[in-house]
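Got your viewer open and a selection box ready? Take this stop by stop, picking residues as they come up.

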Amino acid sequence: GIVREACPFHGIVWGPARYQGIWELAGARPLADERASVSVHYYSPMAFTHQCENWSGSALERSAGVPFPASAGTPAVADLEARLRRAGDDEALALLKDAFTRPWSAATIEADFAEVAAWAGRNRCPALLGEFGVLDFCADPASRANWTAAVRGAAEANGIGWTYWELDQGFGFIHDRRSTDGFNGALIEALTGAAGP
């Protein structure tokens with residue numbers, strides 16, 4: 001009501017609380033506003049997208065070497081599980097096991113975005129993928145590009161617009177925004193379907 005009073009014709013982009021995760025749409029109702037769109041974020045599985053994350057003290061910082069696509073039986077995932085078990089790192093081990101309760105592939109991601117499209121259709125509310133990305137701290141470049149292409153492709157196949165998180169920090173696709181040097185060609189290709197500079 002407050003936004004509409006000040007801006008009667010603007011679009012409103014909102015997201016389900018707390019993380020704007022796809023899973024949070026299940027309990028969400030759209031705004032009663034024909035100019036409103038829902039935005040979701042996508043970083044699944046976080047044991048892959050946030051491996052080696054170093055800003056929150058989470059067990060994700062101890063997740064490393066996870067490829068995409070992968071399942072619990074993928075050698076790199078099994079090796080990481082064995083290392084975490086030997087180290088007695090129950091927190092990181094639980095996070096890894098939770099991430100791989102299902103295999104992660106382009107088909108898994110497609111199924112997640114089909115859920116978003118179904119929710120948007122039932123509720124007559126356009127959907128936007130407001131954030132997605134993979135940290136470049138220790139994910140291998142090919143896996144990072146594969147996951148990014150799979151997410152972009154799934155969003156587009158389901159009629160969902162997208163915005164990538166971010167330009168030149170940990171999730172970025174260029175070394176420094178102040179220079180035209182240092183583009184990550186594989187990531188640009190994953191985002192656009194065309195070869196990078």
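Below is a walk through a predicted model, one selection at a time.

**Stop 1: Glu 166**

Start by selecting Glu 166, which sits in the loop between strand 4 (161-162) and helix 7 (185-192). This one is a buried acid without a salt bridge. Which side chain of opposite charge is nearest to Glu 166? That would be Arg 177, 6.3 Å away. A salt bridge needs the nitrogen and the carboxyl oxygen within 4 Å, so at 6.3 Å Arg 177 does not make one with Glu 166.

Now show the polar atoms around Glu 166. Its side chain makes a polar contact with the side chain of Trp 165, at 3.5 Å. A polar atom of the Glu 166 side chain also lies 3.1 Å from the backbone nitrogen of Gly 170. Beyond four places in sequence, Glu 166 touches Phe 171, Gly 172 and Phe 173.

**Stop 2: Arg 177 and Asp 168**

Keep Arg 177 selected and add Asp 168. These two do form a salt bridge, with the closest N and O atoms 2.6 Å apart. Is each end buried or exposed? Arg 177 is exposed, with a relative accessible area of 53%, whereas Asp 168 is buried at 11%.

**Stop 3: Glu 81 and its two partners**

The whole structure holds ten salt bridges, and Glu 81 is a good place to look at more of them. Select Glu 81 with Arg 85: they form a salt bridge whose closest N and O atoms are 2.6 Å apart. Both residues belong to helix 3 (residues 75-87), four residues apart, or about one turn of the helix. An α-helix has 3.6 residues a turn, so residues three or four places apart point the same way.

Next, add Lys 97. Its side chain meets that of Glu 81 in a salt bridge, 3.1 Å from N to O. This pair links distant parts of the chain, with Glu 81 in helix 3 and Lys 97 in helix 4 (residues 90-99), 16 residues apart. Colour the trio by accessibility: Glu 81 counts as buried at 17%, while Arg 85 is partly exposed at 48% and Lys 97 is partly exposed at 43%.

For a side trip, select Glu 61, Arg 62, Asp 89 and Glu 91, which are linked in a network of salt bridges.

**Stop 4: Leu 60**

From Glu 61, step back to Leu 60, in the loop between helix 2 and helix 3. Leu 60 is buried, with a relative accessible area of 6%. What surrounds it? Leaving out neighbours within four places in sequence, Leu 60 is in contact with Met 46, Ala 47, His 50, Gln 51, Cys 52, Glu 53 and Leu 95. For a sense of scale, draw a distance from Leu 60 to Gly 11: the C-alpha atoms are 36 Å apart, with the two positions 49 residues apart along the chain.

**Stop 5: the nonpolar core**

The largest nonpolar core has 49 residues, and the members that touch the most others are Tyr 42, Ile 109, Phe 113, Leu 129 and Trp 147. Select Phe 113 and expand to its contacts. Beyond four places in sequence, they include Ile 22, Tyr 42, Leu 129, Val 151 and Ile 160.

**Stop 6: helix 6**

Switch to cartoon for helix 6 (residues 141-157). It has 17 residues and reaches 24 Å from first C-alpha to last, close to the 24 Å expected at 1.5 Å a residue. Among the buried residues of helix 6 are Arg 144, Trp 147, Thr 148, Val 151 and Arg 152. What do the buried residues of helix 6 pack against? Their partners are strand 2 (36-42), helix 2 (46-49), helix 5 (106-123), strand 3 (127-132), strand 4 and helix 7. Just after helix 6, check the backbone of Gly 159, where phi is positive at about 70 degrees.

**Stop 7: Ala 127**

Finish in strand 3, with Ala 127. Ala 127 is buried, with a relative accessible area of 14%. Outside four places in sequence, Ala 127 touches Val 38, Val 116, Ala 120, Ile 160 and Gly 161. One last distance to draw runs from Ala 127 to Ala 117: they are ten residues apart in sequence and 7.3 Å apart in space, C-alpha to C-alpha.

Technical notes. Residues are numbered from 1 along each chain as its sequence is written. This is a predicted model: local features need pLDDT of at least 70, side-chain atom pairs count only at pLDDT 80 or more; totals for chains, interfaces and linings use all residues. Side-chain values use heavy atoms; hydrogens and water are left out. Helices (H or I, at least four residues) and strands (E, at least two) are DSSP runs, numbered from the N terminus. Buried means under 20% relative accessible area, exposed over 50%, partly exposed in between (1.4 Å probe, protein chains only). Lys and Arg count as positive and Asp and Glu as negative; His and the chain ends are not counted. A polar contact is a pair of N or O atoms within 3.5 Å; within protein, one must be able to donate a hydrogen and the other to accept it, and residues adjacent in sequence count only if both atoms are side-chain atoms. Contact means heavy atoms within 4.5 Å. A nonpolar core is a set of buried Ala, Val, Leu, Ile, Met, Phe, Trp, Tyr and Cys residues joined through side-chain atoms within 4.5 Å. The expected span of a helix is 1.5 Å times one less than its number of residues.
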